[in-house]
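Biologist: I am new to this structure and would like a close look at a single part of it. Please take one buried spot and describe its surroundings.

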Amino acid sequence: MITFLKRILGLGPTTNYKALLQQGAIIIDVRSKDEYNSGHIQNSLNIPVDALRLNLGKLKNKNQIIITCCASGMRSASAKSILKANGFSEVYNGGGWASLKSKL
């Protein structure tokens, strides 16, 4: 419970997304195609969260660093859970794409 509250308030450990990209991370934007087309992070992949399970084959390396993002962080959290449950080892929830973009 305390960890959850710290995370919501931004008091927990921070993730250096820029460093993750330098290490070869990919960004998966899990918003709808229309949302993605209205603005997104350059070079991100668009795989809507509701189609993620069906498109896991597009992600060949389960050890690849993956950063998920969406509009607010809710769908990207779900995407992170889906990826982790399917054996992807290093997955980070980047939250809202606009916020994540400012951290890169």
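What follows is a close look at R31, with some context before and after.

Modeller: The model is a predicted one. To place the residue, start with the whole chain. Its secondary structure comes to 5 helices and 4 strands, and along the sequence these follow the pattern α-α-β-α-β-β-α-β-α. Of the 104 residues in the chain, 35% are buried. Among contacts between residues at least 6 apart in sequence, 65% join residues at least 24 apart. The accessible surface is about 6,500 Å², and carbon and sulfur atoms account for 53% of that.

Now to R31. This residue sits in the loop between β1, which covers 26–29, and α3, which covers 33–37. Is R31 buried or exposed? R31 has a relative accessible area of 4%. The cut-off for buried is under 20%, so R31 counts as buried.

The side chain of R31 has two polar partners to look at. With the side chain of D29, R31 makes a polar contact of 2.8 Å. The side chain of R31 also reaches a backbone atom, the oxygen of G39, at 2.5 Å. G39 appears again in the list of residues that R31 touches, once residues up to four places away in sequence are left out. That list also has Y36, H40, N46 and P48, then C69, C70 and A71, and finally R75 and W97.

For a second buried position, turn to T68. This residue belongs to strand β3, residues 65–70. T68 has a relative accessible area of 0%, so it is buried. The side chain of T68 reaches the backbone oxygen of S76 at 2.9 Å. Beyond four places away in sequence, T68 touches S76 as well as I28, A79, K80 and L83. Its other contacts on that list are V91, Y92, N93, G94 and G95.

Two notes on rings complete the description. The structure holds 0 aromatic pairs. There is, however, a lysine placed over a ring: K62 lies over the face of F88, at 5.5 Å from the ring centre.

To return to the part you asked about, R31 is a buried loop residue. Its side chain joins that of D29 and reaches the backbone oxygen of G39.

Methods. Residues are numbered from 1 along each chain as its sequence is written. This is a predicted model: local features need pLDDT of at least 70, side-chain atom pairs count only at pLDDT 80 or more; totals for chains, interfaces and linings use all residues. Side-chain values use heavy atoms; hydrogens and water are left out. Buried means under 20% relative accessible area, exposed over 50%, partly exposed in between (1.4 Å probe, protein chains only). Contact means heavy atoms within 4.5 Å. Accessible areas come from the Shrake-Rupley method with a 1.4 Å probe; for residues, only the protein chains shown count as cover. A polar contact is a pair of N or O atoms within 3.5 Å; within protein, one must be able to donate a hydrogen and the other to accept it, and residues adjacent in sequence count only if both atoms are side-chain atoms. Rings of Phe, Tyr and Trp (its six-membered ring) pair if their centres lie within 6.5 Å; planes under 30 degrees apart count as stacked, over 60 as edge-to-face and the rest as tilted. A charge sits over a ring if NZ of Lys or CZ of Arg is within 6 Å of the ring centre and within 35 degrees of the ring normal.
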